[in-house]
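Student: I have a model to go through before I get back to the bench. Can we take it step by step?
Tutor: Yes. Have the sequence and the structure open.

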Amino acid sequence: MPRRAARTAAPPIEAIGVLTGGGDAPGLNAVIRAVVRTAVGLGWEVYGVRNGFEGLITLEGIDPLDLDDVRGILHQGGTILGTSNRTNPFEFRVEQRGRVITEDISSRVVRNLEELGLDALIVIGGDGTLRIAQGFHEKGVRLVGVPKTIDNDICETVTTFGFDTAVATATDALDKLHTTAEAHQRVMVVEVMGRHAGWIALHSGIAGGADVILLPEIPFDLESVCRSVERRYQSKRNFAIVVAAEGAAPRGGKLLAVGPKEKGRELRLGGIGAWLADQIERRTGREARSLVLGHLQRGGSPTTFDRLLGTRLGAAAVRLLQGGHFGHMVALRPPNVTSVPIARAIHERRLVPLDGDTILSARAMGIAFGADPA
Ligand code: F6P
């Protein structure tokens with residue numbers, strides 16, 4: 001662990017920390033590798049921080065990363081640094097007299113960074129992690145962000161790494177489910193990830209030939225879903241494939257979750273697929289089965305696209321630090337990777353535009369979104 005006497009003037013960058021926060025996404029290792037190789041090329045030292053911001057609180061496992069440490073990881077899923085979506089230093093959960101309360105321990109993290117001698121940070125994460133990064137930027141920590149999520153819902157970047165791999169995994173599953181659905185003349189309901197935005201459901205649904213796609217952005221009408229399923233059978237296609245994002249909900253209905261919401265944590269979504277299969281079977285009399293793809297979508301080797309994007313973002317993040325663009329995030333704006341203030345990227349979510357060409361084309365192809373008239 002690097003330790004240096006505290007200094008007063010802003011030092012030039014000699015040593016940086018890199019951390020990955022939030023749910024993992026294929027391509028994280030490509031980013032880490034690019035950060036290390038680019039930073040080492042500038043003569044900087046790089047320290048890997050374990051388990052997201054947790055590592056800056058516990059100070060466990062802050063170790064140097066050199067070229068050898070990032071050899072052979074480009075094609076690997078997960079993150080060599082570990083991650084956590086439970087630790088927010090601004091709302092740190094502590095138990096007090098049997099009750100969970102939250103405390104702001106962010107100043108401790110700032111002190112830790114100074115004592116460690118880390119001149120700047122590269123924070124790789126989704127909206128939750130980037131929000132924390134923004135908080136530290138406002139406290140004077142020199143940092144830049146790298147957007148990450150398989151859900152693809154971060155603003156100001158055309159896409160995020162991990163999404164392409166997740167869509168490929170979901171599409172592959174849909175291909176496989178087609179044959180068994182057809183063999184048994186069943187309705188297969190596939191629940192995919194997508195908490196606020198239905199990008200994975202939309203893209204995999206279209207690429208995988210789904211008949212009905214349900215998105216968080218379009219509250220659905222169960223009768224309309226059943227009519228679309230029945231229409232398939234009436235047209236002698238004796239099976240149907242329904243893809244539902246975990247964040248899809250019926251009009252006026254609630255999100256389905258696993259367990260109650262815990263303080264300072266996101267609601268754990270899940271169950272919409274099983275609920276839909278049950279409702280469809282009851283209402284149409286067609287046999288239905290459901291499948292939750294869950295964390296499979298976060299695993300596996302990143303696609304070529306995600307490796308390349310992760311590499312470009314990682315290298316660009318180092319350039320941002322070098323140029324002093326603190327508080328900014330790298331963003332894909334084809335043909336280039338550019339930068340935007342983190343504050344702009346976290347102020348809203350990138351949802352599926354309902355008037356975009358993808359939805360328009362899907363509708364024109366006869367794909368239903370559970371909200372169509374009779
Ligand atoms: O943010 C990405 C995501 O994949 C969401 O779609 C999903 O709700 C969540 O992660 C699951 O997180 P966890 O692994 O903490 O249950």
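Student: How far is an oxygen atom of the ligand from an N or O atom in the side chain of Glu246?
Tutor: Keep in mind that this is a predicted model. Glu246 is one of the residues around the ligand. Its side chain has an N or O atom whose distance to a ligand oxygen is 2.7 Å.

Student: Which residue has a polar side-chain atom 2.9 Å from an oxygen atom of the ligand?
Tutor: The residues around the ligand include Asp151, His295 and Arg298. For the side chain of Asp151, the distance from an N or O atom to a ligand oxygen is 2.8 Å. The residue at 2.9 Å is Arg298.

Student: How much of the ligand does the protein bury?
Tutor: Start with the ligand taken alone. It then exposes 400 Å². Of that area, the protein buries 76%.

Student: Now the sheets. Why is one side of S9 and of S11 left without a neighbour in the four-stranded sheet?
Tutor: The sheet is open, with parallel pairing and the order S9-S10-S8-S11. S9 (212-214) and S11 (288-292) stand at its edges, so one side of each has no neighbour, because each has a single partner strand.

Student: What is the average twist from one strand to the next there?
Tutor: Stay with the open sheet S9-S10-S8-S11. From one strand to the next, the twist averages 15°.

Student: Which residue in S10 stands opposite Val189?
Tutor: Look at S8 (residues 187-192) and S10 (residues 240-245). They run parallel and are joined by six bridges. Opposite Val189, in S10, stands Val242.

Student: Which helix lies across S8, S9, S10 and S11?
Tutor: Two helices deserve a look. H7 (residues 222-234) packs on the sheet and touches S8, S9 and S10, at about 155° to S10. The helix across S8, S9, S10 and S11 runs at about 160° to S8; it spans residues 272-284 and is H8.

Student: Which strands are the edge strands of the seven-stranded sheet?
Tutor: This open sheet has mixed pairing and the order S3-S2-S1-S6-S7-S12-S13. An edge strand here pairs on one side only. That gives S3 (62-64) and S13 (336-341).

Student: In which sense do S12 and S13 pair?
Tutor: S12 covers residues 328-333. Val330 stands opposite Ser339 in S13. Six bridges link the two strands, and the sense is antiparallel.

Definitions and conventions
Residues numbered from 1 in each chain as written. Predicted model: local features only at pLDDT ≥ 70, side-chain atom pairs only at ≥ 80, totals over all residues. Heavy atoms only, no water. Pairing = 2+ DSSP bridges. Axes fitted to C-alpha atoms, helices over the stretch in contact; angles between N-to-C directions. Contact = heavy atoms within 4.5 Å. Near = heavy atom within 4 Å. Polar contact = N/O pair within 3.5 Å; in protein donor to acceptor, adjacent residues only side chain to side chain. Areas by Shrake-Rupley, 256 points an atom, 1.4 Å probe, with all protein chains shown as cover.
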